[in-house]
Each structure stands twice: as structure tokens, then as C-alpha cells.
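Visitor: I would like to learn how to read a few local features of a model. Could we go through them one at a time?

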Amino acid sequence: MTLLKIAQIGHPVLRQRAREVSQDELASRETQQFIDDLVETMRDANGAGLAAIQVHNPVRIVAVEVHDNPRYPYKPNIPLTILVNPVLEPLGEERFENYEGCLSVPNLRGVVERWAEIHVTGLNRDGSVFDRMLRGLTAGTFQHECDHLDGVLFIDRVKDPRTLTTWAEFDRYHKQAFVDRIVPFVKKMGG
Ligand code: ZN
């Protein structure tokens, strides 16, 4: 396995639209090896997710996994999920405010609105159909990762730039209020 270099904000690759992956390309040894490296890189960086475009490979593949994540201790666990060519649609009108961060945007967090419930379709890494309803913070994580595939970063969606904060100042001034608000939401949504 190889740890891949994570592109940082300002690198043009993060602003590209990633291209679709064909079934043949997905099944290839190269792509399967790349997916293993993507997962390894995400875990090494303690990310909740990582899009292929963030490691300089502009294809529509994202990895998501939350397992008692130290960066996001309030996030419900998500088993390792590889999603290829995802299509995401909101279910209902409900939105929620999430404090997001990104491995490509060092030491910055900000409040972003996300759909509370979504329907996600696409492919699993073995080429089978992925078709799931996702709710709550888990739905937010998938929206963040899928945004990357269209060259969108979370800061583009921050409505109030005054919510931007470093991680240290988040812990100091914003974390408690956010946790108090988000934990009941996670409970209500079951995700
Ligand atoms: Zn990100």
C-alpha cells in the first residue's frame, strides 16, 4: 500500500469535475489498488472521507469511514464505504447546520447547510449497485465527499464566513455549543 499525497486548497485539481469510471476501469487491478491506497491515506490522515480527486486522481470515487474518529468525536460510526459514480438527491426539505472540516483545507472549519436525508445511488467497488437512504451527519459526510467530485469545497458553501475557525479555536469557543446541538440531532436522525 502507498500513502498518497493530499492536494491542498489552491491546487487546481480540487476545482476540476471528476470523470465517471467505467465498469471495466473499476474492475482493473490498477483501480482496485488505487482504492486500497485511497482508504489507507484516509485512515492515516484520520479523515471521515476522502475523494479520489483529493489525491490528484480526478475520477468519481469516494471513500467514507468513521470509526470513533478523533477529529469528529460526535460523528456516528460509518462502516467503510467505497462509492463510485455517485448520484445524490435530497429527500424532503429538511436541512441542518454542520461544522465541517476537510483534509484539503488545513486547520479551518465552518458552518455549512446540508440536507438531512438523501438518496444515494452509484456503484460499489465490485461494480454492484449501491442504493441507500442516508440520514443526519452521515448524510452530511456523503454530501461533503460528493461535492469534491464537482470541484466544490465546503468553504464554497459557508454562508456566514464569521463561522470560520481554526481547529484549536473551534475546541475552545464553538465545540460545546455544537456538540450540545448536534448530539440530539444525531439521536433523532439515527445517523
Ligand atoms: Zn473534503
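Visitor: Is threonine 165 buried or exposed?

Guide: This is a predicted model, and burial is read here from relative accessible area, with buried meaning under 20%. Threonine 165 has 5% relative accessibility and therefore counts as buried, although its place is in the loop between α3 and α4.

Visitor: Which residues does threonine 165 touch?

Guide: Leaving out residues up to four places away in sequence, threonine 165 touches Tyr99, Asn107, Leu108, Arg109, Phe170 and His174. With phenylalanine 170 there is also a polar contact, in which the threonine 165 side chain reaches the backbone nitrogen at 3.0 Å.

Visitor: Where does serine 104 lie, and what is 2.8 Å from a polar atom of its side chain?

Guide: Serine 104 lies in the loop between β4 and β5, and it is buried because its relative accessible area is 0%, where the cut-off is under 20%. The backbone oxygen of alanine 7 is the atom found 2.8 Å from a polar atom of the serine 104 side chain, and serine 104 is in contact with further residues, including Ile6, Ile9, Leu14 and Gln54.

Visitor: Which residues coordinate the zinc ion?

Guide: For a metal, one lists the donor atoms and then looks at their spacing in sequence. Here Cys102 (SG), His144 (NE2) and His148 (NE2) coordinate the zinc ion at 2.1 to 2.3 Å, and the donor residues follow the spacing C-x41-H-x3-H. Both histidines, 144 and 148, lie in helix α3, four residues apart, which is about one turn of the helix. Histidine 144 counts as buried at 7% relative accessibility, and histidine 148 is buried with a relative accessible area of 1%.

Notes:
Residues numbered from 1 in each chain as written. Predicted model: local features only at pLDDT ≥ 70, side-chain atom pairs only at ≥ 80, totals over all residues. Heavy atoms only, no water. Donors = N, O, S within 2.8 Å, 3.2 Å for Na, K, Ca; no water. Helix = DSSP H or I, 4+ residues; strand = E, 2+ residues; numbered from the N terminus. Buried < 20%, exposed > 50% of the residue type's maximum accessible area, 1.4 Å probe, protein only. Polar contact = N/O pair within 3.5 Å; in protein donor to acceptor, adjacent residues only side chain to side chain. Contact = heavy atoms within 4.5 Å.
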